[in-house]
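Reader: I've got the sequence and the model open side by side. Can we walk through the fold together, one question at a time?

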Amino acid sequence: MMIAAARSTRLISLLLFVFFVPNVVSTANKAYPKHWGEPPMIQTMDLRSLPAGYGEGSSTKYNWIVSHMKEDLATKHPQRVVNSDGPWPELVGMDGEVARQQLLQDAADSLELVDIVADMFVTTDWQVNRVRLFVDGENKIIEVPSRG
């Protein structure tokens, strides 16, 4: 009797996973640029927000998108995805001044850009138009710039 109950519980769990979980994972219907090719076939089993309005997906897909966004930005590709609302992971590793100019060019609205040197104290208040650019001693962006 106990074995039959355990089997039916496992079967119900499996059916719920197969039919319900894929519907919970929502991704945006935004198409990737054709020059990026196909997204990775094998991905990690985590779920996170993807940049540039691509919804949610795995860290593998996140890294794939960011690497293509960085490449397009570096080569000034004409079909580059413009990330107007942030966060801006494609700016990590760039020169601070170049990143500043790119943000001002791509932003959907006016932004207050604040340079923050690594390990500097910052306030915890939230300002929707403020973007903090965390830079190291060589003026390279070291954290993903985001609103706040």
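Reader: How many helices and strands are there in the chain?

Author: A word on the ground rules: this is a predicted model, where local features need pLDDT of at least 70, side-chain atom pairs count only at pLDDT 80 or more, and totals for chains, interfaces and linings use all residues. Residues are numbered from 1 along each chain as its sequence is written, and side-chain values use heavy atoms, with hydrogens and water left out. Helices (H or I, at least four residues) and strands (E, at least two) are DSSP runs, numbered from the N terminus. Along the sequence they follow the pattern α-β-β-α-α-β-β, and the count is 3 helices and 4 strands.

Reader: What share of the 148 residues in the chain is buried?

Author: Let's fix the word before the value: buried means under 20% relative accessible area, exposed over 50%, and partly exposed in between, with a 1.4 Å probe and protein chains only. On that scale, the buried share of the 148 residues is 31%.

Reader: Which element gives the most to the largest nonpolar core?

Author: A nonpolar core here is a set of buried Ala, Val, Leu, Ile, Met, Phe, Trp, Tyr and Cys residues joined through side-chain atoms within 4.5 Å. The largest one has 13 residues, and Trp88, Leu91, Leu103, Leu111, Leu113, Val131 and Leu133 have the most contacts inside it. Helix H3 and strand E4 (130-135) each supply at least two residues of this core. The top contributor, with 3 residues, is E4.

Reader: And what does Leu113 touch, leaving aside its neighbours within four places in sequence?

Author: Contact means heavy atoms within 4.5 Å. With those sequence neighbours set aside, the partners of Leu113 are Arg100, Leu103, Leu104, Val131 and Leu133.

Reader: How many residues are in the other core, the one lying apart?

Author: Look for Tyr54, Ile65, Val66 and Val81, which are among its members. That separate core has 10 residues.

Reader: Are the rings of Trp36 and Tyr54 stacked, edge-to-face or tilted?

Author: Rings of Phe, Tyr and Trp (its six-membered ring) pair if their centres lie within 6.5 Å; planes under 30 degrees apart count as stacked, over 60 as edge-to-face and the rest as tilted. The structure holds 5 such aromatic pairs. For Trp36 and Tyr54, the centres are 6.2 Å apart and the planes are at 50°, so the pair is tilted.

Reader: Which parts of the chain does that pair tie together?

Author: Both Trp36 and Tyr54 are buried, and ring pairs link Tyr32, Trp36, Tyr54 and Trp64 into a cluster. The two tied parts are 18 residues apart in sequence, because Trp36 lies in the loop between helix H1 (2-24) and strand E1 (48-49), and Tyr54 in the loop between E1 and strand E2 (56-57).

Reader: Is Met94 buried or exposed?

Author: You'll find Met94 in the loop between helix H2 (59-75) and helix H3 (96-106). Not counting residues up to four places away in sequence, Met94 touches Leu73, Ala99, Asn139, Lys140 and Ile141. Its relative accessibility is 18%, so Met94 counts as buried.

Reader: Ser49 next: is that one buried or exposed?

Author: Ser49 sits in strand E1. Beyond four places in sequence, Ser49 touches Gly55, Glu56 and Tyr62. The relative accessibility of Ser49 is 53%, so the residue counts as exposed.

Reader: Which peptide bond is cis, with omega near -10°?

Author: Most residues other than glycine have a negative phi, and most peptide bonds are trans. For the cis bond, go to the loop between H2 and H3, where Pro87 lies. With omega near -10°, the bond runs from Gly86 to Pro87.

Reader: What is the phi of Ala52?

Author: Ala52 is in the loop between E1 and E2. At 10% relative accessibility, Ala52 counts as buried. Its phi is positive although the residue is not glycine, with a value near 60°.

Reader: And what is the phi of Asn139?

Author: Asn139 belongs to the segment after E4. At 30% relative accessibility, Asn139 counts as partly exposed. Asn139 is not a glycine, yet its phi is positive, at about 65°.
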